[in-house]
Amino acid sequence: MNKNIRLLLKDLNIPFHNLSLYELAFTHSSYNADAHTFHHDYERMEFLGDSVLGFVIASLLYKTYPELGQGDLSKLRSALVKTSSLANYARKYNFQDYIKVGNSYANDLAKSDNVLEDVFEAFIAAICLDLGFKSARNFINLTFYDDVLHYDLNQIKDYKSRLQEEMQAEYRDSVTYEVVKESGPSHKKTFTVCVKFDDVILGYGVGSSKKEAESNAAKEALSKKALLLGK
């Protein structure tokens, strides 16, 4: 038995006008067969909510991280709005208790990451359609702000980019990579790479491709630098 959507709106302090919009946002397409309806589900609202969410998160990141370039901002936005992240936000608000699915489906359907992601986006659309964009933006900002503010940026930056940025910030010059060893058969080679700065070797890396070896070399260089700074 699904909970009454009014309880959720009360818990989230959403002063709704059109309750049917929120009920629709929690209706899976499988429910149509039982209700003898057609396209009476959240799919269209999900489309709108996804667009609103993407814009608001992009704006929030743009203002919060003026030092990040386009590439890093895109990676960060993708990490925040990926399926598992949105599903976790939905679980935080117990959305799974309000989702209507068809009787032919197991109750577990309402707990799946994909469905919870869709419902979360549809819910944002419901707020936007019922109360306006500003209310939807406020809900998104309230939900995401702490995670945006405290996100570990190391997770979105590859080691080569981080090393390059740090060296250029300190010395205004770039590092170089050099393959020092290749081993193994042609179809399964192993590469050893060193990363240098002004003929000084900063680190070594091994990998099944030059790219992987370079990344590991940069990782070692960053690790050594962190150790030196910690002394």
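How many of the 19 residues of helix α7 are buried? The count is 15 of 19, so α7 is mostly covered, given that buried means under 20% relative accessible area. Keep in mind as you look around that this is a predicted model.

Let's stay with α7 for a moment. The helix runs over residues 113–131 and spans 27 Å from its first C-alpha to its last, close to the 27 Å expected at 1.5 Å a residue. Just after α7 comes Gly 132, and its phi is positive, near 105°.

Now for the aromatic rings. A pair of rings is described by how far apart the centres are and by the angle of the planes. Here the count comes to 16 aromatic pairs. Two of them are set out below.

| Pair | Centre to centre | Angle between planes | Arrangement |
|---|---|---|---|
| Phe 16 and Tyr 22 | 6.4 Å | 70° | edge-to-face |
| Phe 95 and Phe 123 | 5.1 Å | 65° | edge-to-face |

Why does the pair of Phe 95 and Phe 123 count as edge-to-face? Because its planes are at 65°, and the cut-off for edge-to-face is over 60 degrees. This pair also brings us back to α7, since it links distant parts of the chain: Phe 123 belongs to helix α7, while Phe 95 lies in the loop between α6 (83–92) and α7, and the two are 28 residues apart. Phe 95 is buried, at 0% relative accessible area, and Phe 123 is buried too, at 0%.

The Phe 16 and Tyr 22 pair is a bit more mixed. Tyr 22 is buried at 0% relative accessibility, whereas Phe 16 is partly exposed at 26%. Ring pairs join these four residues into a cluster whose members also include Phe 26, Tyr 89 and Phe 144.

One more ring is worth a look. The charged end of Lys 160 sits over the ring of Tyr 177, 4.9 Å from the ring centre.

What about the cysteines? Searching the whole structure turns up zero disulfides. Cys 128 has a relative accessible area of 17%, so it is buried, the limit being under 20%. Cys 194 is also buried, at 1% relative accessibility.

Last stop: Asp 158. You'll find it in the loop between α8 (133–149) and α9 (159–171). Is Asp 158 buried or partly exposed? With a relative accessible area of 34%, Asp 158 is partly exposed. Its C-alpha is separated from that of Lys 219 by 8.8 Å, although the two residues are 61 apart along the chain.

Key. Residues are numbered from 1 along each chain as its sequence is written. This is a predicted model: local features need pLDDT of at least 70, side-chain atom pairs count only at pLDDT 80 or more; totals for chains, interfaces and linings use all residues. Side-chain values use heavy atoms; hydrogens and water are left out. Helices (H or I, at least four residues) and strands (E, at least two) are DSSP runs, numbered from the N terminus. The expected span of a helix is 1.5 Å times one less than its number of residues. Buried means under 20% relative accessible area, exposed over 50%, partly exposed in between (1.4 Å probe, protein chains only). A disulfide is a pair of cysteine sulfur atoms within 2.5 Å. Rings of Phe, Tyr and Trp (its six-membered ring) pair if their centres lie within 6.5 Å; planes under 30 degrees apart count as stacked, over 60 as edge-to-face and the rest as tilted. A charge sits over a ring if NZ of Lys or CZ of Arg is within 6 Å of the ring centre and within 35 degrees of the ring normal.
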